[in-house]
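Trainee: I have a model open and would like to learn how to read its ligand site and its cavities. Could you walk me through them?

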Amino acid sequence: MSHTIDLASVRSEFPVTKRMLYLDSAHQTPLATSIRDALADFLAEGHETAGPKPVWLRRVEETRARVAALFNAAPSEIAFTKNTSEGINIAANAVPFKAGDNVVLIEGDHPNAAYAWLNQRRKGVEVRFVKLHAESDVANAETFRAAVDARTKAICLSHVSFHAGQRHDIADIGRFCKERGIYLVVDAMQSVGVLPIDVQAMNISVLAAGTHKGLLVPQGLGVLVVRDGLDELQPAYLAMSSLANPPADYIARPDDLKTRSDAARFETGNLNLPDIQALNAAIDLITKVGVENVERHTLSLGDRLIELLDELRIPLVGPRKREHRAHIYVLGVRLADWAQHLADNQVRVSPERDGIRISFAMFNTLDDVERLGDVLRRHSDAACASRAVEKMD
Ligand SMILES: Cc1ncc(COP(=O)(O)O)c(C=O)c1O
């Protein structure tokens, strides 16, 4: 990234970097100044002018078009939701399942996605889980082939896994789904804003993500892509905003429940307007940097981290190959042995199933990785020294 954008100016957007070594953007990204300002503007407008709703609604449509561009989608393919779970639930409830149909998921993938489909068991839908052999395994079409049959209606998985950072081969799975006439539903919570995503090239039917990680906006807003033409996918919830012909007089028409043909048929009622305004500012920042550059930059931070881990003999839980990873790196160490040391050194990370999760964002630098290396080295040295003393005793 340093050769195409000014890293110092990106970093100055995130004042939290002055206070701590923030390596936890897979949990939540700290608020950037320009995004905080967009939220403050919204509050000022509400405060001083009682809310210029037509202006806010125009901004919603502007933001919708900009979200669409992030995914190489059309604005008509974008709906605003409240988070990933809501988006995946919308998809799970929209698929026209018959009893005996099935859906295939990856065992151990994010539970928020799994429960949406498990809830469909009430309709007689079978939920099949395929296993990855190791945390470093990356899913592709082969992962699903044996579990799929003529009754498979959907495959759902994360693009990047939250717990070991694998970057699954969505394009390969998308080709397979297209051949077999299966909906591909993708949880892009971890990848959006970090990796380029092209819903057309990847043959994604529905994509759901929250905006509080790579899209840099506080919790409470999600984006949903529902590809044009999937008219059989119909909303489980209905509000005036979902309708093709909403009643101008605000009197419900029991005989006209026809839904809109665009993805906004899945929106119900008023939207999270402050966060949508913040998202517009976030997309300014993201497009200034360029998602390809975020990808390249976080991967090169990962390259250096892996070298340091090897040097310190700290295992990496997830994949090592560049094409199989993104911005998430899990150290295979016991949290209890490291938590206090990391906290004492103002290093912010997440506990993870198999260790400690380090995650990078656009504002992290190689210097951050070197600082982390120093912190890790000091504790490794101390642990070695105390083991040596134990042996002498
Ligand atoms: C892959 C993945 N899916 C979903 C979520 C969260 O779901 P939601 O946006 O519904 O809170 C996370 C983490 O917050 C995640 O890492």
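Mentor: Gladly! The ligand is surrounded by Asn83, Thr84, Ser85, His110, Asn112, Ser158, Phe162, Asp187, Met189, Gln190 and Lys213, where near means that a heavy atom of the residue lies within 4 Å. This is a predicted model, in which local features need pLDDT of at least 70 and side-chain atom pairs pLDDT 80 or more, while totals for chains, interfaces and linings use all residues. Residues are numbered from 1 along each chain as its sequence is written, and side-chain values use heavy atoms, without hydrogens and water.

Trainee: Which side chain has an N or O atom 2.6 Å from a nitrogen atom of the ligand?

Mentor: A polar contact is a pair of N or O atoms within 3.5 Å. Here the side chain of Asp187 makes that one, at 2.6 Å from a ligand nitrogen. Ligand oxygen atoms lie 2.9 Å from a polar side-chain atom of Gln190 and 2.8 Å from an N or O atom in the side chain of Lys213. Taken alone, the ligand exposes 390 Å², and the protein buries 86% of that (Shrake-Rupley method, 1.4 Å probe).

Trainee: How many cavities of 30 Å³ or more are there?

Mentor: On a 1 Å grid over the protein atoms alone, a cavity is a set of points where a 1.4 Å probe fits but cannot get out, and lining residues have an atom within 4 Å of a point. A volume is the space filled by probe spheres set on the points, which are joined across faces, edges and corners. The count is two; the largest has a volume of about 90 Å³, the second largest about 50 Å³.

Trainee: Where does the largest cavity lie?

Mentor: Domain 1 (7-30 + 290-392) and domain 2 (34-287) both contribute to its lining, so the largest cavity lies between them; the bounds come from an automatic or database domain assignment. Among its lining residues are Ser25, Lys213 and His327.

Definitions and conventions. Polar contact = N/O pair within 3.5 Å; in protein donor to acceptor, adjacent residues only side chain to side chain. 1 Å grid on protein atoms, 1.4 Å probe; cavity = no way out; pocket = protein on both sides within 12 Å on 5 of 7 lines; lining within 4 Å.
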